[in-house]
Amino acid sequence: MPELPEVEVSRMGITPYVEGQTVTQIIVRQPQLRWLVPDELQLLQGQVIRRITRRAKYLLLECDLGTALVHLGMSGSLRVLPASLAPEKHDHVDVILSNNMMIRYHDPRRFGAWLWQAQDTMHQVLSKLGPEPLSDAFNADYLLARAKGKKLVMKSFIMDNAVVVGVGNIYANESLFCAGIHPKRPAGSLTHSEAACLVDEIKTVLAAAIAQGGTTLKDFTNVDGKAGYFAQELRVYGKAGEPCPQCETVLERVVIGQRATVFCPHCQPL
């Protein structure tokens, strides 16, 4: 599943070709994605795309009448292509632009979504999200306040989108390791200094992933390019049984919330 860095890199990749362009046509070939594509999406036609922003893992195509919300789901991708290019299998939505280009949405598993948010409203999928991890609102004081009294284990706590958005499984593993915090510790046991360290590590890990993605993902205007996961320098994720990169203790694996979790029992004591 594309995580926050992949979605942010998608936003950066398509923005130069899309912002400021007028939508001339909306083509929906397959309306049944994760949710039914709403008829209101046609309101984009004739509108100028003012900005492309991101909230959590949703891309927001903003215009004067409202905003199209795009979620890539498990297997979705966006590309900017010539408007004349014939669709292939799993090309479900095209947004045709005034520069004779288009945004093409490709999604083999159809777990993604295209939604509509009217001007001056907030769609329900965005209404209960926590702060962006790279924003100033996500800080040690905030995290400590949210953790107070919580028995939920740390890994599940930081992966809760109501606490902070975008800390997927890979980044939770990496951040907890870098902060020296055991993934099964109760969130309520967090100290202020640990919260500060964990916030810093989450920001560092995500920022590095975004920066690396910006240089390793294929061109968003290349029809043969396959947007997806980019190479990352991971310290513990997927490396159970290997020596810890810090102390050489054998890394251990447990399952938390049905997700594989790798940690160092020496560097991350329970």
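1. Helix 1 is a good place to start in this predicted model. Helix 1, residues 4-18, lies across strand 2 and strand 3. Its direction is at about 175° to that of strand 2.

2. The two strands beneath that topic lead to an open sheet. Four strands make up this sheet, in the order 2-3-4-8, and their pairing is antiparallel. Strand 2 (51-55) and strand 8 (113-118) are the edge strands; each has a single partner strand, so one side of each lacks a neighbour in the sheet. If you look at the twist, neighbouring strands here are turned by 25° against each other on average, with direction ignored.

3. Within this sheet, the pairing of strand 3 with strand 4 is worth a look. Strand 3 covers residues 58-62 and strand 4 covers residues 66-71; the two run antiparallel and are joined by five bridges. To find the register on screen, take Leu59, which stands opposite Val70 in strand 4.

4. Next comes strand 6, residues 91-97. Seven of its seven residues are buried, so strand 6 is largely enclosed by the rest of the structure.

5. Strand 6 also has pairings to follow. With strand 1 (residues 23-28) it runs antiparallel, joined by five bridges, and Val23 stands opposite Leu97 in strand 6. With strand 7 (residues 101-106), strand 6 again pairs in the antiparallel sense, over five bridges. Here Asp91 of strand 6 stands opposite His106 in strand 7.

6. The connection between strand 6 and strand 7 deserves its own point. These strands form a hairpin, with three residues between them. Asn100, in the turn, has a positive phi of about 65°, so do have a look at that residue when you check the backbone.

7. Finally, the cysteines. How many disulfides does a search of the whole structure find? The count is zero. Cys244 is in no disulfide, and its nearest cysteine sulfur, that of Cys264, is 3.7 Å away. Cys247 is in no disulfide either, and for Cys247 the nearest cysteine sulfur is again that of Cys264, at 3.6 Å. The cut-off for a disulfide is a pair of cysteine sulfur atoms within 2.5 Å, which is why neither distance counts as one.

8. Are Cys244 and Cys247 buried or exposed, or something in between? Cys244 is buried, with a relative accessible area of 2%. Cys247, at 28% relative accessibility, counts as partly exposed, because that class lies between the 20% limit for buried and the 50% limit for exposed.

Note on methods: Residues are numbered from 1 along each chain as its sequence is written. This is a predicted model: local features need pLDDT of at least 70, side-chain atom pairs count only at pLDDT 80 or more; totals for chains, interfaces and linings use all residues. Side-chain values use heavy atoms; hydrogens and water are left out. Two strands pair if DSSP finds at least two bridges between them. Axes are lines fitted to C-alpha atoms, for helices over the stretch in contact, and angles run from 0 to 180 degrees between N-to-C directions. Contact means heavy atoms within 4.5 Å. Buried means under 20% relative accessible area, exposed over 50%, partly exposed in between (1.4 Å probe, protein chains only).
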